[in-house]
Amino acid sequence: MKRRPQTRSTRCLLPSFVAAAVSTTAVSNTAVSNTAVSNTAVIVVAAGSGSRLGESNPKGFVSVAGRSVLERALDEVLAVRPAVQVVIVVPEDRVDEARRMVDGSHVTVVAGGSTRQRSVASGLAALGADVATVLVHDAARALTPTALIEHVIAEVELTGHGIVPGLAVVNTVKRVDGAGAVMDEVDRSELREVQTPQGFPHAAFAAAHVAATGDFTDDAAVFVAAGHRVSVIQGDPLAFKITTPFDLRRAEQLVGSRASDIRIGVGVDVHAFDESQPLWLGGVEWPGEAGLAGHSDGDAVCHAICDAMLSAAGLGDLGSRFGTSDLRFADAAGAIFLTETLALVVEAGFRVVNVSVQVVANRPKIGTRRAEIERTLSALVQAPVTVGATTTDGLGFTGRGEGVSAIATCQLSSR
Ligand code: CTP
Ligand code: MG
């Protein structure tokens, strides 16, 4: 009659930074949408070749532990709150690839130029007049924390100056001649190693860019050349620029040692027995046992696990995700809910670490099939699932044999 687990087609998963994007507006790759974002824009330049890194791909497209330099930089930019307009500047022959990468988000992709300054100009050309504050950020500073980006924005808004993050120089600095002979020592207390993102009032910065003659090594220099003030704020060691193979190894080690975001969720489900139905519990069928009533197949174990997964990911609960009005889930097997729930959790950037579930019921006797249920459920959530069971000493509805209750906890980790 019903209640056979069905397979579903594999959903195309977006990169996590796209899932994190907040835009609900139609995607435009030619003009920046400003409906769902603030009047601050971040231009992320990634159009360089990365010659010093020496990889076959341009630097923005080189992997740092499984995600490209550009994706990692965007992860941090897209986490800025309130959300900002984002333009990424990539080599001309990478525009299509980058557009596919950000498909479904509000990120605009444009082609860069032969120098960094030209690439910044391409990014500026994609901005609307509504933009009040603009930041320019090197994709190569892939691990720059969201907090630093937010600090730069806040300082530009507060002061109206150009704002650049910088670090004190820690090594003694010497001036040398062409042969390497020391001429004198430079007072390092006056020096700062500056980073990105560098932020500016938009109109003044755009005008400074148009007026710039000559090649400047950073955006602050363009702004200062036009007579504007630039202030340095405290930078962050994590905003280092990936330039050499050593830097890439350092970035990979930092990402590898980064503590994952661990989340715990809980879920409970109850269904009453219905003798006229076959029993599905824990994703397996129980011939000869009384079934469970419900809009779906009544598999309280699967449902409790779904709720635990959704709660851990902050995605609501089973009722709000797969309501009883959704005919696709009428009589659906618990396995289908688990598969759909796993897809949501993965799209939100998590993987399941483990699930623990306890069945509270007189019947069926879980112990006889525990290993089979654990295998079935583990395959469905792609992580270890352990199953326990208890009775309630004759107390309550489970004690009276009126139904089954299940309690699940789930641990998720950011991917
Ligand atoms: N950049 C750019 N367009 C260029 C040159 C550089 O958008 N024509 C970007 C880079 O992609 C990088 C940032 O500017 O994110 C800082 O530049 P740099 O670290 O020098 O990167 P590359 O120029 O790619 O590297 P290299 O100088 O080693 O070739
Ligand atoms: Mg360069």
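**The second largest pocket and ligand 1**

Sorted by class, the residues that line the second largest pocket comprise 8 nonpolar, 14 polar and 8 charged ones. The structure described here is a predicted model, and the pocket is a convenient place to begin reading it. The space within the second largest pocket comes to about 720 Å³. Its lining is made up of 30 residues, among which Arg52, Lys59, Arg116, Asp138 and Lys241 are the closest to the centre of the pocket. Helix H4, which spans residues 116-125, gives the most to this lining, contributing 3 residues.

What sits in the second largest pocket? The occupant is ligand 1, and the shell of residues around ligand 1 can be described in the same manner as the lining. That shell divides into 5 nonpolar, 8 polar and 5 charged residues. Of the 18 residues around ligand 1, those that come nearest are Gly50, Ser51, Lys59, Ser119 and Lys241.

Several side chains can then be followed to particular atoms of the ligand. A polar atom in the side chain of Ser119 lies 2.7 Å from a nitrogen atom of ligand 1, while an N or O atom in the side chain of Lys59 is 2.8 Å from an oxygen atom of the ligand. Arg52 likewise places a polar side-chain atom 2.9 Å from an oxygen atom of ligand 1. Taken alone, ligand 1 exposes 560 Å², and the protein buries 87% of that area.

Note on methods: Residues are numbered from 1 along each chain as its sequence is written. Chains are lettered from A and ligands numbered from 1 in the order in which they are written. This is a predicted model: local features need pLDDT of at least 70, side-chain atom pairs count only at pLDDT 80 or more; totals for chains, interfaces and linings use all residues. Side-chain values use heavy atoms; hydrogens and water are left out. A residue is near a molecule or strand if one of its heavy atoms lies within 4 Å of it. A polar contact is a pair of N or O atoms within 3.5 Å; within protein, one must be able to donate a hydrogen and the other to accept it, and residues adjacent in sequence count only if both atoms are side-chain atoms. Accessible areas come from the Shrake-Rupley method with a 1.4 Å probe; for residues, only the protein chains shown count as cover. On a 1 Å grid over the protein atoms alone, a cavity is a set of points where a 1.4 Å probe fits but cannot get out, and a pocket is an open set with protein on both sides within 12 Å along at least five of seven lines; lining residues have an atom within 4 Å of a point. A molecule sits in a cavity or pocket if more than half of its atoms lie within 2 Å of its grid points. Ala, Val, Leu, Ile, Met, Phe, Trp, Tyr, Cys and Pro count as nonpolar, Asp, Glu, Lys and Arg as charged, and the others, Gly among them, as polar. Grid points are joined across faces, edges and corners, and a volume is the space filled by probe spheres set on the points. Helices (H or I, at least four residues) and strands (E, at least two) are DSSP runs, numbered from the N terminus.
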